[in-house]
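Q: I would like a close look at a single part of this model, followed by whatever helps to place that part in the rest of the chain. Please take the sequence and the structure together.

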Amino acid sequence: MEGQNGKESAGQEKRLSEAELKTCYQHFDPAAYLQYIYTPPRANFDNKDNIAPWQLGWLHRAFTEGDVKGDILVDIGSGPTLYQVMSGCERFRRVILSDFVEANCRELQNWLQGKSNSLDWTPFFQHVCKLEGRSPDAWSEKAQRLRSVVTDVLPIDVHQPHPLLPEALPPSGADCLISCYCLESASPDLASFNRALGHISSLLRQGGHLLLIGTLEMTFYYAAPELCIPAVRLDEAQLCSSLKNCGFQLLELSIYHLPQDMQKSTDDAKSMFFVKAKKQ
Ligand code: SAM
């Protein structure tokens, strides 16, 4: 695959500005993205070592062990995906989804309104039901629960000091933030990643939790057949120091190494991280 945007040819990276990256995102194709990342071999529930059960397992543990609960859960840069809030929707009174790209917000709204969707989320719901000790048949109840607690799908820009609309949250902030594969994909370099982390931190109340999933050492991913998006190449030490410098206490860090048979030409991700942190 050879895209024309952020990457000129394999191994030759072109550094974009934040503004140029935002322009790239206007061509994000929700259906293509879901196909690349959320179907086999990347999402396969028959294989317990697959990345999808790894992510859902960590999210389940994060939301059921300890004190990650409260009134408002905000998902930052939801994209067209729902898996990330399937556990959290049981622990919060309100869930707010958000994304920079209008087409992604529309995709989420379509699902919320029961309209046709680009991906069948049933296997994800069924897996989370199993993690919760329920029958996989309870998946439609869980889907209904999620539909009932999502109160908003909002536009967001993590590069703005106030990423959400002014009245989106109470002045004290959200009780928990979750963000999956967003910050490193939305930031052209480490300084930009750090600023974005600081901006989203302002949405979280003191003592609230941040659950972050992302990629390490990834330099690009495809968000449409011809749309290669560059990402900041992050390592574990940089991630830990960014969190610390932003005032987060790291409570949990897990790294998943992507096996060869799950690597694809649509990105160069080699490993993923899960972080649970507390705002101090
Ligand atoms: N969270 C989804 C997931 O887990 O698959 C989507 C991740 S996708 C790799 C990156 C997401 O970041 C896209 O949905 C994109 O629209 C969003 N994004 C890009 N620039 C952004 C910005 N400036 N502010 C907020 N979100 C942004």
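How many salt bridges does the structure hold, and which residues surround the ligand most closely?

A: This is a predicted model, and the structure holds 16 salt bridges. One of them joins D189 and R15, whose closest N and O atoms are 4.0 Å apart. D189 belongs to the loop between α7 (183-186) and α8 (190-201), while R15 belongs to the loop between β2 (12-13) and α1 (18-25), so this pair ties together parts that lie 174 residues apart in sequence. In general, side chains of opposite charge can pair when their charged atoms come close.

Turning to the ligand, 23 residues surround it, and the closest are Y33, Y38, G77, Y83 and D99. By class, this shell is made up of 14 nonpolar, 7 polar and 2 charged residues. Y83 places a polar side-chain atom 2.6 Å from an oxygen atom of the ligand, whereas S78 and G79 take part through their backbones: a polar backbone atom of S78 is 3.2 Å from a nitrogen atom of the ligand, and a polar backbone atom of G79 is 3.5 Å from an oxygen atom of the ligand. Of the 580 Å² of accessible area that the ligand has on its own, the protein covers 99%, and the space that the ligand takes is the largest cavity.

Two details of the backbone complete the picture. Most residues other than glycine have a negative phi, and most peptide bonds are trans. P40 and P41, however, are joined by a cis peptide bond with an omega of about 5°, and P41 is found in the loop between α2 (30-37) and α3 (51-64). Y181, although not a glycine, has a positive phi of about 60°, and Y181 lies in the loop between β6 (174-180) and α7.

Definitions and conventions. Residues are numbered from 1 along each chain as its sequence is written. This is a predicted model: local features need pLDDT of at least 70, side-chain atom pairs count only at pLDDT 80 or more; totals for chains, interfaces and linings use all residues. Side-chain values use heavy atoms; hydrogens and water are left out. A residue is near a molecule or strand if one of its heavy atoms lies within 4 Å of it. A polar contact is a pair of N or O atoms within 3.5 Å; within protein, one must be able to donate a hydrogen and the other to accept it, and residues adjacent in sequence count only if both atoms are side-chain atoms. Accessible areas come from the Shrake-Rupley method with a 1.4 Å probe; for residues, only the protein chains shown count as cover. On a 1 Å grid over the protein atoms alone, a cavity is a set of points where a 1.4 Å probe fits but cannot get out, and a pocket is an open set with protein on both sides within 12 Å along at least five of seven lines; lining residues have an atom within 4 Å of a point. A molecule sits in a cavity or pocket if more than half of its atoms lie within 2 Å of its grid points. Ala, Val, Leu, Ile, Met, Phe, Trp, Tyr, Cys and Pro count as nonpolar, Asp, Glu, Lys and Arg as charged, and the others, Gly among them, as polar. A salt bridge is a side-chain nitrogen of Lys or Arg within 4 Å of a carboxyl oxygen of Asp or Glu. Helices (H or I, at least four residues) and strands (E, at least two) are DSSP runs, numbered from the N terminus.
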